[in-house]
Amino acid sequence: MLESLFAGSLEDSERRREAASYSQVEAAALGNQPALDALEFLAPSDQIKVLAEVKRASPSRGQMAEIPDPAHLAEIYATNGASAISVLTEERKFKGSLDDLRAVRSRVSVPLLRKDFTSNEYQILEARAAGADIILLIVAGLAQKDLARLQKFTLELGMTPFVETHDREELERALELDAKLVGVNARDLSTFETDSNLFGSLVELFPAGVIKVAESAVRNADDVAHYRSAGADVVLVGEALVTNDPAKMLQSFLLAGKS
């Protein structure tokens, strides 16, 4: 599934590249307002930070929410305490788009993560041109040399790489690159089952100065409290927000995540 998602995103980016060349998108990216400092917004504090996701669908759950106005949903997130917002731009399985990212950027002033299956520099330039501040880099889908190259390119654009891992080996690879924003995704990419204890089993590997993000398996405030007690600085949440009252859920998450 992961290989298919990467291949589909790459194919879609090549299609867009036929309409907007590398140099055109590069000019738009470099001419945009500087990226926000996501590390500052997500820095550890006495309360857990929430990276709230605009997410219509997923391969494991199918359609979850229509979200006709992603910018409005993002405003609800920002108003109710989200420190940053993740926007799914993958078109095939997650039903997102770069237009969603542009719409959200026009309405909120917190950092934005372009959540997609990034494998080349063009996709990173697209993200910056559309207003993204953070780029998702998935260790499981990238060779180490490619991961290092894309992280370096992201940093050169003034953006923050968010390096996602799923097990001990991947986490060690992320930390080898001195990544500063690192996630542990509880979802097994081969079975799509989740293990809410995975983050806690790996947290001791994180050195000081790295922001620790717990991803997936967040259904309610108790799950946030569980991740907070395990040492998470940030939780990334999508499904629980888009399938419930997002304002109430966010407020409950923040209350549960106080130290």
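The following paragraphs trace the strand arrangement of this predicted model, from the barrel as a whole to individual residues.

The organising element is a closed barrel of eight strands with parallel pairing, in the order β1-β4-β5-β6-β7-β8-β9-β10. Direction ignored, neighbouring strands of this sheet are turned against each other by 25 degrees on average.

Strand β4, formed by residues 84-88, offers a suitable point of entry. In the barrel order, β4 stands between β1 and β5. On the β1 side, the partner strand comprises residues 49-54, and four bridges join it to β4 in a parallel run. Within this pairing, Leu 51 has Ala 84 of β4 as its bridge partner. On the β5 side, residues 112-115 form the partner strand, and the pairing with β4 is again parallel, with four bridges. Here Ile 85 is matched with Leu 112 of β5. Between these two strands, the chain leaves β4, passes through helix α5 (residues 98-105) and enters β5, giving a right-handed β-α-β crossover.

The surroundings of β4 can be described residue by residue. Five of its five residues are buried, which makes the strand mostly covered, since buried denotes under 20% relative accessible area. This cover extends to both faces: Ala 84, Ser 86 and Leu 88 are buried on one side, and Ile 85 and Val 87 are buried on the other. Two of the residues named above for their bridges, Ala 84 and Ile 85, thus lie on opposite faces of the strand.

Further along the barrel order, β8 is followed by β9. Strand β8 (residues 181-185) pairs with strand β9 (residues 211-215) in the parallel sense through five bridges. In this pairing, Gly 183 lies opposite Val 213 of β9.

Terms used
Residues are numbered from 1 along each chain as its sequence is written. This is a predicted model: local features need pLDDT of at least 70, side-chain atom pairs count only at pLDDT 80 or more; totals for chains, interfaces and linings use all residues. Side-chain values use heavy atoms; hydrogens and water are left out. Buried means under 20% relative accessible area, exposed over 50%, partly exposed in between (1.4 Å probe, protein chains only). Two strands pair if DSSP finds at least two bridges between them. A crossover is right-handed if, with the strands pointing away from the viewer, the path from the first strand over the helix to the second runs clockwise. Axes are lines fitted to C-alpha atoms, for helices over the stretch in contact, and angles run from 0 to 180 degrees between N-to-C directions.
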